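Student: I should like to take a close look at one part of this structure, namely its charged side chains and what surrounds them. Could you please guide me through that part in one connected account?

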Amino acid sequence: MGATKRFIYNQSINEIANIAKVFAHPARVAILKYISEQEGCINNDLVDEIGLSQATISQHLSVIGDAGLLKGRFEGNKKCYCINIERFEEFQILLNSFFIKTKTNCC
């Protein structure tokens, strides 16, 4: 879906699409899982753990970050990441609501 057409959908639909984009790639799921198991994580740790290049990891981190699921801080010239739990919980509520309403309205 082109970015120019997103305006025709409401905020809730666009948010669900953003969530789906994050979880649509196994590398992103693996990155989230790894970060959630750490107190903090430096990008190079992800390269070693996930087995993808640093540039590819950065692209995936960008998608995850754009959805608001990451918090980060710089330590020197490296960035440490952790899960944005508040945003994660918002996603969980939004998805649960979507699934419940869809199931209730189904024939």
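Tutor: What follows is an account of the salt bridges, then of a buried charged residue and the core beside it. Please keep in mind that the model is predicted.

Let us begin with the salt bridges, of which the count comes to 4. One of them joins glutamate 15 and arginine 87, whose closest N and O atoms are 2.8 Å apart. Because glutamate 15 belongs to helix α1 and arginine 87 to helix α5, this pair ties together parts that are 72 residues apart in sequence. Arginine 87 has further surroundings: leaving aside neighbours within four places in sequence, it is in contact with Glu15, Ala67, Gly68 and Leu69. By contrast, glycine 51 lies 27 Å from arginine 87, C-alpha to C-alpha, with their positions 36 residues apart in sequence.

Helix α5 takes part in another pair as well. Lysine 71 forms a salt bridge with glutamate 86, and here the closest N and O atoms are 3.3 Å apart. Lysine 71 lies in strand β2 (residues 70-75) and glutamate 86 in helix α5, so the pair ties together parts that are 15 residues apart in sequence. Both partners are partly exposed: lysine 71 has a relative accessibility of 39%, and glutamate 86 one of 45%. Salt bridges that share partners also join Glu15, Arg87 and Glu90 into one network.

A further salt bridge links the side chains of glutamate 37 and lysine 33, at 2.5 Å from N to O. Lysine 33 is partly exposed, with a relative accessible area of 49%.

Arginine 28, in helix α2, presents another picture. Arginine 28 is buried yet has no salt bridge, and the nearest side chain of opposite charge, aspartate 66, is 9.4 Å away. Apart from neighbours within four places in sequence, arginine 28 is in contact with Lys21, Val22, His60, Val63 and Ile64.

Two of these names lead us to the core. The largest nonpolar core holds 19 residues, and those that touch the most other members are Val22, Ile31, Ile35, Leu46, Leu61, Ile64 and Leu70. The elements giving two or more residues to this core are α1 (11-23), α2 (26-36), α4 (54-66), β3 (78-83) and α5 (85-105). Isoleucine 64 itself touches Val22, Arg28, Ile31, Leu32, Leu69 and Leu70, not counting residues up to four places away in sequence.

Finally, the surface has a nonpolar patch formed by Phe7, Ile8, Tyr9 and Ile13, with about 430 Å² of accessible area together. Within this patch, isoleucine 8 is found in the segment before α1.

Definitions and conventions:
Residues numbered from 1 in each chain as written. Predicted model: local features only at pLDDT ≥ 70, side-chain atom pairs only at ≥ 80, totals over all residues. Heavy atoms only, no water. Core = buried A, V, L, I, M, F, W, Y, C linked by side-chain atoms within 4.5 Å. Buried < 20%, exposed > 50% of the residue type's maximum accessible area, 1.4 Å probe, protein only. Helix = DSSP H or I, 4+ residues; strand = E, 2+ residues; numbered from the N terminus. Contact = heavy atoms within 4.5 Å. Patch = residues over 30% accessible without salt bridge, like charges linked within 9 Å, V, L, I, M, F, W, Y side chains within 5 Å. Areas by Shrake-Rupley, 256 points an atom, 1.4 Å probe, with all protein chains shown as cover. Lys, Arg positive; Asp, Glu negative; His and termini not counted.
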